[in-house]
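Open your viewer and keep the selection tool at hand. Each stop says what to pick and what you will find there.

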Amino acid sequence: MKNFLETNSYRLLKEHYNRIKGVQLRDLFASSPRRFDEFSIKFEDLLFDYSKNIITSETIELLIGLAEEQKLSEMIEKMFSGEKINNTENRAVMHFALRQREKDASVDDVFQVRNQMRNFVNLIHSGDWKGCTGETITDIVNIGIGGSDLGPKMVCKALEAYSVGNIKTHFVSNVDGTNIVETLKNLNLERTLFLISSKSFTTQETLTNAVTAKAIFLEKLAKEEKDIAKHFVAVSTNEKDVKEFGIDPKNMFVFWDWVGGRFSLWSSIGLPIALQIGMDNFEKLLDGANAMDLHFKNTDFRENIPVLAALLSLWYTNFFNAKSHCVIAYDQYLEKLPDYLQQLEMESNGKSVSRDGEALSYSTSPIIFGGVGTDSQHSFFQLLHQGTQLIPVDFFAPVNSLNPVGNHHNILLSNFFAQTEALMNGKSREEAKLDLEQSGLGAEEIQKLLPHKIFKGNRPSNSFLYKKMTPAVLGSILSMCEHITFVKGIMWNINSFDQWGVELGKQLAKKILPELSGKEKILSHDSSRNGLINFFKENKE
Ligand code: F6P
């Protein structure tokens, strides 16, 4: 792996880009009736259509050439064989092992913990697990942040339709007291179980919320310290600190340092998911992810969905100079997908030095943003269609709704199909003029309005269409997203598996915290920070 700007493939791609950059998608479709067949892949219940990208078959060949020069196959092999490819933390990267079938297991412990999860989920669902007043558990409060929150929260929402029993999951992540206070307001503590989820068990936000939850529980419900065992369990890699917090190690679900936080929903961090949808459905989620792992590992790059999707993202970032990437789900169940992908992609690939610590002279992760269709259409789509930047869009949509009601789903999907068409084709000056003429406006008015009515089009998108939202389909989609992130990291020659960039702010906050108590004026920072802190202190009630 090297600086990809120095590869022969990059030089060839740059020349190719200069030839192709002005090509119109409309013309590419007009000149090739088989374009959809050429640039789409079916994988189980999922269809990946990448035909609406500014590419030809030559682009794909050149991008694959770049992947080969960057030794992508070797790195895939290294990851799947458990080599320590997270070089700055000296760790293996083995989230794939969490979803392997038992017969192919790389790590036996995975199955022990999964059994422990199954037993626990069964106890809660059967009502055999009782709270300290003898009530059964109906509400699960997951206290965690980042990867210990976003993945499980997104999946619990996405698979809401598969919920079993009357278990409700709630998520507390923010250290803002409002989050825990508002969450607990309407819950009956007698029926509530707290999952303290933290890989490190040192994260300030999670521990602060956990201490508050414990204090509220001891004040309002518990008669004795040992009642805690019936209402608090922990998910962590840090047994020592879990014990110190007062949670019985019997009620602890472990995972391992080779699982990165943002890749951990498949581990015991997925316990809230398993509690909500049952262990059988949780295992279907794992199976879907495993199927995508095998596809990624074993399929030629020309037919490999994560590889192609990653190379296309790089094509826009590093050749078209795209700064952001939009994700739109025409599926209400995926409303939290953009939040989850923000951490996955931006925490992984928001880097500016190479694996060897050299400053990079090319862009890495784009800014990920998005939302659900049709809401996003009425919010920021204006910029996608007529703004000054090129923003590639990934669309996700189910063929079948899990909530068929009236004509909703056809209306929803017609919007999805229409948006991808509008982005691609736009509306030419002639078409816009004709529209205005047909609406009966006079020549002067038409002249004035015309520039505002033109859509340049030629805006690329991928479509991911799946038969319906199921645990297996979701597992495949998420595993695909993880591998896309991985491939981009390899191409950019960065380590996608550390996140040192989040440390500095944390350290400074720890220094500032004691300064916020007491009356004395703060003068030790720059004038802005002193001014802000002193305004806070003067006005604090
Ligand atoms: O803030 C960064 C981070 O380390 C994330 O990578 C991680 O998912 C999150 O904090 C939570 O960490 P933990 O699970 O150790 O509490």
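The tour starts with the domains, moves through the cores and two helices, and ends at single residues. Please keep in mind that this is a predicted model.

**Stop 1: the domains**

Colour the chain by its domain assignment: domain 1 covers 4–69 + 299–425 + 459–491, domain 2 covers 95–284, and domain 3 covers 502–539. Now place a marker at the C-alpha centres of domain 1 and domain 3; they lie 42 Å apart.

**Stop 2: the nonpolar cores**

Select Trp-258, Trp-315, Phe-396 and Phe-486, the residues with the most contacts inside the largest nonpolar core, which has 122 residues. Next, show helix H11 (residues 271–298), which supplies the largest share of this core with 13 residues. Where does the core sit relative to domain 1 and domain 2? It lies between them, because both domains give residues to it. Before moving on, pick out another core, set apart from this one: it has 22 residues, including Val-172, Ile-180, Phe-232 and Phe-245.

**Stop 3: Phe-396 and Ile-328**

Go back to Phe-396 and show what surrounds it. Beyond its neighbours up to four places away in sequence, Phe-396 touches several residues, among them Val-327, Ile-328, Leu-334, Phe-464, Tyr-466, Ile-477 and Met-480.

From there, step to Ile-328, which lies in strand S8 (residues 324–329). Ile-328 is buried, with a relative accessible area of 0%. Outside its own stretch of four places either way, the contacts of Ile-328 include Gly-370, Gly-371, Val-372, Phe-380, Phe-381, Val-393, Asp-394 and Phe-396. Try a distance label between the C-alpha atoms of Ile-328 and Asp-394: these residues are 66 apart along the chain, yet the atoms are separated by 6.2 Å.

**Stop 4: helix H1**

Select residues 8–20, helix H1, and check its length: 13 residues at 1.5 Å a residue should span 18 Å, and the end C-alpha atoms are indeed 18 Å apart. Show the side chains of Ser-9, Tyr-10, Leu-13, His-16, Tyr-17 and Ile-20, which are buried. Turn the view to look down the axis of H1: its buried residues fall within an arc of 125°, so they line one face of the helix. Add helix H4 (57–69) and helix H12 (305–318) to see what these buried residues pack against.

**Stop 5: helix H20**

Now jump to residues 527–539, helix H20, whose 13 residues reach 18 Å from first C-alpha to last, close to the expected 18 Å. Which residues of H20 are buried? They are Asn-530, Ile-533, Asn-534 and Lys-537. These four cover an arc of only 100° around the axis, which puts them on the same side of H20. Helix H19 (503–512) is part of what covers them. Rotate to the other side of H20 and you will meet Leu-532 and Phe-535, both exposed.

**Stop 6: Ser-198**

Select Ser-198, in the loop between strand S5 (192–197) and helix H9 (204–220). Is Ser-198 buried or exposed? At 2% relative accessibility, Ser-198 counts as buried. Leaving out residues within four places in sequence, its contacts include Ser-148, Thr-206, Val-235, Ser-236, Thr-237 and Ile-269.

**Stop 7: Cys-156**

Finish at Cys-156, which is buried with a relative accessible area of 4%. Why does its sulfur form no bond to the closest cysteine sulfur? That sulfur, in Cys-481, is 18 Å away, which is too far, as a disulfide needs the two sulfur atoms within 2.5 Å. By this rule, the model has zero disulfides.

Conventions
Residues numbered from 1 in each chain as written. Predicted model: local features only at pLDDT ≥ 70, side-chain atom pairs only at ≥ 80, totals over all residues. Heavy atoms only, no water. Buried < 20%, exposed > 50% of the residue type's maximum accessible area, 1.4 Å probe, protein only. Core = buried A, V, L, I, M, F, W, Y, C linked by side-chain atoms within 4.5 Å. Helix = DSSP H or I, 4+ residues; strand = E, 2+ residues; numbered from the N terminus. Domains from an automatic or database assignment. Contact = heavy atoms within 4.5 Å. Expected span 1.5 Å × (residues − 1). Arc of directions from axis to C-beta.
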